[in-house]
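Let's take a walk through this structure together, one region at a time. Keep the sequence beside you as you turn the view.

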Amino acid sequence: MVTGVVFGKETMGACLFKNMFWAGMSSTQRSKKTTLKQFMEQYEYALANKVESENELDELEKQFQSAYTNLKFQEFQKQFFGKLDYLCSKTKECDIVSEYEVQKWITFGEEEEKKRKQVSFIVDFNSETNETHCNCRLFEFRGMVCKHQLMV
């Protein structure tokens, strides 16, 4: 006696035939007879393995998030303390947007040929939304507020 549904001769399906159960197997895979009880045990085992794998992945994700957060905080600290070397002055003001120039003198070259150069960055500040935009684009590239924006 056949109970259940079979989806054609060579297709996937489920069938119960004289206490034997085939599920999700092609006709060539059905040569090994599996009882419903055996199938359920195998299914529960597979499901338990899947849950265990997902739990392991969740734990790895938590560890990654923690490490990533700590690294981002250290990067932010570096930007925050790095702002001490800069000077900031307002250059323009239009309605709600102000433009600031953030400058720093840098020294480069070997001892005998040391040179100094002034480097400038432009930061726009929107007083209505409290948003800033810097032309160094650190925020756009790395998701980190730069020391120039922190100065403003």
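Start at Arg 137, a residue that counts as partly exposed because its relative accessible area is 39%. Before going further, bear in mind that this is a predicted model. Arg 137 sits in the loop between β7 and α2, the helix of residues 138-142. Its backbone is worth a look, since phi of Arg 137 is near 60°, a positive value in a residue other than glycine. Most residues other than glycine have a negative phi. The side chain has a partner too: Arg 137 forms a salt bridge with Glu 140, with the closest N and O atoms 3.9 Å apart. Glu 140 is partly exposed as well, because its relative accessible area is 42%.

Asp 95 offers another positive phi, near 50°, and again the residue is not glycine. You will find Asp 95 in the loop between β4 (87-94) and β5 (97-108). Is Asp 95 buried or exposed? With 79% relative accessibility, Asp 95 is exposed, because the cut-off for that class is over 50%.

Now turn to the hairpin. Strand β6, residues 115-126, pairs with strand β7, residues 131-134, in the antiparallel sense, and four bridges join them. Within this pairing, Asp 124 stands opposite His 133 of β7. Four residues lie between the two strands of the hairpin, and Asn 130 in that turn has a positive phi of about 60°.

Helix α3 comes next, covering residues 147-151, and His 148 is part of it. His 148 has a relative accessible area of 4%, so it is buried, the cut-off being under 20%. What is His 148 in contact with, leaving aside its neighbours within four places in sequence? The answer is Tyr 86, Val 102, Phe 121, Val 123, Cys 134 and Cys 136.

Gln 149 is also found in helix α3. Its relative accessible area is 9%, so Gln 149 is buried. With neighbours within four places in sequence set aside, Gln 149 is in contact with Val 123, Thr 132, His 133, Cys 134, Phe 139 and Met 144. Val 123 and Cys 134 therefore appear in the contact lists of both His 148 and Gln 149, two residues that are each buried. For a sense of how the chain folds back, consider Tyr 100: it is 49 residues from Gln 149 along the chain, and the C-alpha atoms of the two are separated by 9.4 Å.

Next, follow helix α1, which covers residues 36-82 and includes Leu 47. Leu 47 is partly exposed, because its relative accessible area is 41%. It belongs to a nonpolar patch on the surface, formed by Leu 36, Met 40, Tyr 43, Leu 47 and Val 51, with about 430 Å² of accessible area together.

Tyr 43 leads us from the patch to the aromatic rings. The model has three aromatic pairs. One of them is Phe 39 with Tyr 43, a stacked pair at 6.3 Å centre to centre, with 20° between the planes. Both residues lie in helix α1, four residues apart, about one turn of the helix. Phe 39 is partly exposed at 22% relative accessible area, and Tyr 43 is partly exposed at 45%. Phe 80 and Phe 81 make an edge-to-face pair, 5.6 Å centre to centre and with 80° between the planes. Phe 80 counts as partly exposed at 37% relative accessibility, whereas Phe 81 counts as exposed at 51%. Together with Phe 76, these two form one aromatic cluster.

Finally, look at the charged side chains. Side chains of opposite charge can pair when their charged atoms come close. The count of salt bridges is six. Among them is the one between Glu 75 and Lys 72, whose closest N and O atoms are 3.7 Å apart. Glu 75 and Lys 72 both lie in helix α1, three residues apart, about one turn of the helix, and both are buried. With Arg 142, they are linked in a network of salt bridges. Another salt bridge joins Lys 104 and Asp 85, the closest N and O atoms being 3.9 Å apart. This pair links distant parts of the chain, with Lys 104 in strand β5 and Asp 85 in the loop between α1 and β4, 19 residues apart. Lys 104 is partly exposed, with a relative accessible area of 23%.

Technical notes
Residues numbered from 1 in each chain as written. Predicted model: local features only at pLDDT ≥ 70, side-chain atom pairs only at ≥ 80, totals over all residues. Heavy atoms only, no water. Pairing = 2+ DSSP bridges. Buried < 20%, exposed > 50% of the residue type's maximum accessible area, 1.4 Å probe, protein only. Contact = heavy atoms within 4.5 Å. Patch = residues over 30% accessible without salt bridge, like charges linked within 9 Å, V, L, I, M, F, W, Y side chains within 5 Å. Areas by Shrake-Rupley, 256 points an atom, 1.4 Å probe, with all protein chains shown as cover. Salt bridge = Lys/Arg side-chain N within 4 Å of Asp/Glu carboxyl O. Phe/Tyr/Trp six-rings, centres within 6.5 Å; stacked < 30°, edge-to-face > 60°.
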